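Reader: Please take a close look at the salt bridges in this structure. Where do the paired side chains lie, and are they buried or exposed?

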2 protein chains.
Amino acid sequence: MKKITISDIAQKAGVSKATVSLVLNNKPINVSKETRENILKISQELNYIPNGIARSLSTNKTETIGLILPDIVNPFFSEIARAIEDTAGKMNYNVMLCNSDSNSFKEEKYSKLLVSKLVSGSIFISGGNSKKSLEILRDNGIPVVLVDRYVEPYDEYSGVFCSNREGIHEAVNYLYEKGRRNVALITGPMTLETSKLRLDAYKEVAEKLEIYNENLVCEGNYSIEGGVNSTEKLLKLNSKVDAIIYCSDVMAFGGIKVLKRKKLKVPGDISVIGYDDISFCEYIEPELTTIKQPIYDMGKEAFKLLIQIINGEVKEKKINFKSKLIIRGTA
Amino acid sequence: MKKITISDIAQKAGVSKATVSLVLNNKPINVSKETRENILKISQELNYIPNGIARSLSTNKTETIGLILPDIVNPFFSEIARAIEDTAGKMNYNVMLCNSDSNSFKEEKYSKLLVSKLVSGSIFISGGNSKKSLEILRDNGIPVVLVDRYVEPYDEYSGVFCSNREGIHEAVNYLYEKGRRNVALITGPMTLETSKLRLDAYKEVAEKLEIYNENLVCEGNYSIEGGVNSTEKLLKLNSKVDAIIYCSDVMAFGGIKVLKRKKLKVPGDISVIGYDDISFCEYIEPELTTIKQPIYDMGKEAFKLLIQIINGEVKEKKINFKSKLIIRGTA
């Protein structure tokens with residue numbers, strides 16, 4: 001079975017294809033009210049929908065964007081994807097979903113695929129090593145907006161980011177005020193700029209409070225297993241830990257499992273703070289205290305910025321949100 | 001900036017467009033080895049990628065599929081989406097993501113959008129009332145595979161489903177063997193066929209065991225709030241509940257929050273069993289005992305079936321998986 005075309009409507013209405021086309025496109029044509037209404041009625045009955053791809057080729061606008069992200073199963077990314085798709089759908093744009101697993105070969109493969117499909121633009125959450133993929137998109141005239149993760153050279157790309165400083169400062173200060181003096185930090189992978197920036201912010205405030213101790217810093221990888229492994233390692237090396245800041249909520253969930261199994265009370269024995277504020281923070285009991293990134297707004301603004309670039313209204317722009325401590329039950 | 005074209009390569013290589021086209025498409029042409037290699041080198045340097053949309057118009061194959069689902073933020077759907085996209089990406093297919101919120105107007109809007117973009121096929125997770133949307137796709141020759149949720153008329157559509165019977169039987173029998181006699185069921189919305197089938201399975205086995213009590217059945221809505229509200233309602237009406245089966249894991253998380261706040265021990269006072277086996281089941285402590293649906297395999301097989309239908313190898317087919325109890329810490 002094939003797509004319903006103007007020919008099908010013309011045949012059923014007993015008029016020419018040209019007449020159908022003019023009526024459906026609301027162009028001036030000398031036909032009776034009955035004929036016009038009949039054509040519209042038939043096109044509805046047959047579920048006729050214009051061919052947007054044929055139009056794309058002449059206008060070079062597919063009204064489709066690519067979305068390259070590490071993994072849609074990670075709730076942080078599924079929440080961003082939802083915000084992007086909501087905003088895109090309202091403007092009749094489609095979103096092509098691409099999971100890269102933060103692998104630069106997959107990112108490249110998807111970048112090529114998106115170019116071949118003539119997407120109008122792309123939103124890109126980098127796995128850390130995306131230079132070649134971004135070149136492929138740029139050389140083929142595909143506007144790009146980065147989200148969440150920086151890519152060198154920083155100045156060249158538009159993007160939507162969230163400050164990695166304020167939230168960490170707030171969190172360490174809050175724990176200090178509560179009497180915690182052995183505040184650990186489980187970072188993301190050190191290949192990512194955001195991981196380094198969060199570590200810098202932690203060092204800065206911990207040194208100022210005179211509680212900095214390099215043994216309290218442990219590299220994680222943003223996954224639940226990362227949270228489990230880093231927490232076990234941390235507890236083996238430090239018996240005095242009384243608070244842990246995890247650089248993703250998902251790692252904090254893994255960490256809390258380890259703490260509970262070791263019969264350590266959260267927050268009684270060890271305070272826990274996550275990072276991101278994914279909706280799952282409220283699924284556990286006690287609910288997770290976390291450093292909030294405005295995930296939905298970041299996705300929404302990323303799409304809006306991309307459209308401005310596609311339409312030539314903006315050339316290059318960065319939008320910076322602020323992170324913020326949300327106090328719940330674990331700290 | 002525009003997409004790199006064959007003209008750009010021809011100009012840089014000092015040959016005709018026809019020569020470039022024949023070389024890149026590996027067609028017979030009488031050119032020197034040097035010229036051939038030079039053309040290939042330039043096309044790589046310029047990051048040239050063929051226009052897949054122009055080809056689509058002549059072949060009528062966009063190698064893009066639509067994926068309409070209720071909400072990508074719900075982990076059950078993000079895990080299915082991941083499986084579909086993984087399988088599609090390996091075959092150079094793109095997946096267009098559409099969030100319907102189980103709203104039939106949004107489903108219709110997206111169905112029209114997918115037709116206009118000439119998708120090769122669509123995978124559809126219905127919100128329960130999708131007759132019109134499925135007609136729009138069918139009348140325009142777009143093959144459809146349903147996943148997870150049935151749509152009337154059942155016989156007309158291909159789909160991948162998971163039995164709603166075995167898992168519930170196993171769960172109730174397991175709880176009975178553990179001495180539980182007041183086993184409650186929190187269902188999904190009764191507008192969905194899967195909700196009805198799970199309730200039927202529960203009734204069947206509970207009656208056989210002579211523990212059926214209609215006050216132990218409560219309608220939920222698959223969300224965390226649904227889990228919270230139904231659990232509060234259930235506990236108000238029944239003081240003796242000693243086990244609860246939730247028809248989604250997400251509802252079980254909401255339920256466990258309520259139980260913990262009421263100082264009821266899980267599984268000591270009340271056993272809890274979820275449904276789906278999303279990866280979050282292992283994020284909480286104790287880990288969630290649940291009725292597993294093979295989510296990843298369901299997504300993977302859905303895409304493979306869709307491709308078979310697109311290629312004309314299969315006309316109509318249903319694939320049925322089995323559900324299965326996975327025993328962890330909450331029951």
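Author: The salt bridges are taken one by one below. This is a predicted model, in which local features need pLDDT of at least 70 and side-chain atom pairs count only at pLDDT 80 or more, while totals for chains, interfaces and linings use all residues. Residues are numbered from 1 along each chain as its sequence is written, chains are lettered from A and ligands numbered from 1 in the order in which they are written, and side-chain values use heavy atoms, with hydrogens and water left out.

A salt bridge here is a side-chain nitrogen of Lys or Arg within 4 Å of a carboxyl oxygen of Asp or Glu; the count over all chains is 42. One of them joins A:Lys41 to A:Glu45 at 3.7 Å, N to O. Both residues belong to helix α3 (residues 33–45) of chain A and are four residues apart, about one turn of the helix. Helices are DSSP runs (H or I, at least four residues) and strands likewise (E, at least two), numbered from the N terminus. A:Glu45 has a relative accessible area of 46% and is partly exposed, a class between buried (under 20%) and exposed (over 50%), with a 1.4 Å probe and protein chains only.

In helix α7 (residues 131–139) of chain A, A:Lys131 and A:Glu135 are also four residues apart, and their side chains meet at 3.6 Å, N to O. A:Glu135 is partly exposed at 24%.

B:Lys257 and A:Glu287 form a salt bridge of 2.3 Å, N to O. This pair crosses between chains, from helix α11 (residues 249–261) of chain B to the loop between β9 (271–276) and β10 (289–292) of chain A. B:Lys257 is buried at 10%, and A:Glu287 is buried at 17%.

A network of salt bridges links A:Asp71, A:Asp101, A:Lys106, B:Arg82 and B:Asp86.
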